[in-house]
Amino acid sequence: MKVAYFPGCTLKNKAKTLDIYARECAKVLGIELEEIKDWQCCGGVFTSASDEIATKLSSVRALKAAREYDNILVTVCSACHNVIKQTNHAVKTDETFRTRVNNYMAEDDYNGETNAIHYLELLRDTIGFDKIKECVKKPLEGKKIAPYYGCMLLRPNSVMAMDDPENPTIMEDLIKALGATPVVYPMRNECCGGYVVMENESLAKEKSEAVTKSAMSFGADVIVTACPLCKYNLEKNGTDVPVVYLTELLAEAFGIKEE
């Protein structure tokens, strides 16, 4: 099965191995992530101003490209996913926005046909955690892993609609399928401070430390995140436990990481 894939800027530059792990693990599960052609940066953040059109056009182009793949577009970075999915929602629900977007586009109109899903949703809804469990070669037994959702993967819930924004289970269920023990802790859904680091570095550090200390206080010996930017920020601000990306964790359990 082939699906359209939007890797995003970070996974094609500073975090290339995380992109490789995403592709290789998908192959083990019978999925080929086919990178869409000529993609551009998603914009980095979804601007809430309805008259801000230009920064959203690259996301619309990516969504249009996915129509050749049964209208499914898979993202791995939660920041990219948030921007693309919110843009898609705006196209579908705001007629003025949709008209202005299509006026910019030289090709045929786009009306929100594509379903933008995160890699985690691909694992849960298309493949299933039972199949993932069957593919594990090196169970992560004995590891206490704290999932870190951050602030963009689940919110706004009316648009993202991936899981319960206050009490999610998708990452915990993946951790169980890989043989480890998930750690539930209070700060798993809070912001790491990544988006304020340029204007207030001390606040960003404070927010990151609050996340890692919360996870550690509940017994975590590893933190796993679904956003490469969150991973970078948590590591940059210092932590006494390793911070890994979800595809890295999957690759370890599948025996791919060593290779």
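Buried means under 20% relative accessible area. The views below all come from a predicted model.

**View 1. Helix H5 has many buried residues, listed here by name.** Helix H5 covers residues 119-127. Tyr119, Leu120, Glu121, Leu122, Leu123 and Ile127 are buried in this helix. Glu121 is thus on the list beside leucines, an isoleucine and a tyrosine. Glycine 128 comes just after H5. The phi of glycine 128 is positive, about 95°.

**View 2. Four strands form an open, parallel sheet.** The strand order is S6-S5-S7-S8. S6 and S8 (243-245) are the edge strands, and each pairs on one side only. Three bridges link S7 to S8 in the parallel sense. In that pairing, isoleucine 223 faces valine 243 of S8. Helix H10 packs on the sheet and touches S5, S7 and S8. The direction of H10 makes about 165° with that of S8. Helix H11 also packs on the sheet, again touching S5, S7 and S8. For H11 the angle with the direction of S8 is about 80°.

**View 3. Strand S5 pairs with S6 and with S7.** S5 spans residues 144-148. Four of its five residues are buried, so the strand is mostly covered. Two bridges join S5 to S6 (residues 181-182), and the two strands are parallel. Isoleucine 145 stands opposite proline 182 in S6. S7 (residues 222-225) is joined to S5 by four bridges, also in the parallel sense. Here tyrosine 148 is opposite threonine 225 of S7.

**View 4. Arginine 23 takes part in a salt-bridge network.** The network links Lys12, Asp19, Arg23 and Glu35. Side chains of opposite charge can pair when their charged atoms come close. Arginine 23 bridges to aspartate 19, with the closest N and O atoms 3.1 Å apart. Both residues sit in helix H1 (residues 16-28), four residues apart, which separates them by about one helical turn. An α-helix has 3.6 residues a turn, so residues three or four places apart point the same way. Aspartate 19 is buried because its relative accessible area is 5%, under the 20% cut-off. Arginine 23 also forms a salt bridge with glutamate 35, at 2.5 Å from N to O. Glutamate 35 lies in strand S2 (residues 32-35) and arginine 23 in H1, so this pair ties together parts twelve residues apart in sequence. Glutamate 35 is partly exposed, at 25% relative accessibility. Across the whole structure, a search finds 16 salt bridges.

**View 5. A salt bridge joins helices H10 and H11.** Lysine 231 pairs with glutamate 248, and their closest N and O atoms are 4.0 Å apart. Lysine 231 is in H10 (residues 228-236) and glutamate 248 is in H11 (residues 246-254), so the bridge ties together parts 17 residues apart in sequence. Lysine 231 counts as buried at 13% relative accessibility. Glutamate 248 counts as buried too, at 13%.

**View 6. Three side chains make a nonpolar surface patch.** The patch consists of Val45, Tyr195 and Leu229. Together they have about 270 Å² of accessible area. Valine 45 is in the loop between S2 and helix H2 (57-65). Its relative accessibility is 45%, so valine 45 counts as partly exposed.

**View 7. Loop residues show a cis peptide bond and positive phi values.** Most residues other than glycine have a negative phi, and most peptide bonds are trans. The bond between arginine 155 and proline 156 is cis, with omega about 0°. Proline 156 lies in the loop between S5 and helix H7 (157-160). Aspartate 38 is not a glycine, yet its phi is positive at about 55°. This aspartate 38 is in the loop between S2 and H2. At 75% relative accessibility, aspartate 38 is exposed. Aspartate 70 likewise has a positive phi, near 60°. The loop between H2 and strand S3 (72-75) holds aspartate 70. Aspartate 70 is exposed, at 68% relative accessibility.

How values were computed: Residues are numbered from 1 along each chain as its sequence is written. This is a predicted model: local features need pLDDT of at least 70, side-chain atom pairs count only at pLDDT 80 or more; totals for chains, interfaces and linings use all residues. Side-chain values use heavy atoms; hydrogens and water are left out. Buried means under 20% relative accessible area, exposed over 50%, partly exposed in between (1.4 Å probe, protein chains only). Two strands pair if DSSP finds at least two bridges between them. Patches are made of residues with over 30% relative accessible area and no salt bridge: like charges are joined within 9 Å, nonpolar side chains (Val, Leu, Ile, Met, Phe, Trp, Tyr) within 5 Å. Accessible areas come from the Shrake-Rupley method with a 1.4 Å probe; for residues, only the protein chains shown count as cover. Contact means heavy atoms within 4.5 Å. Axes are lines fitted to C-alpha atoms, for helices over the stretch in contact, and angles run from 0 to 180 degrees between N-to-C directions.
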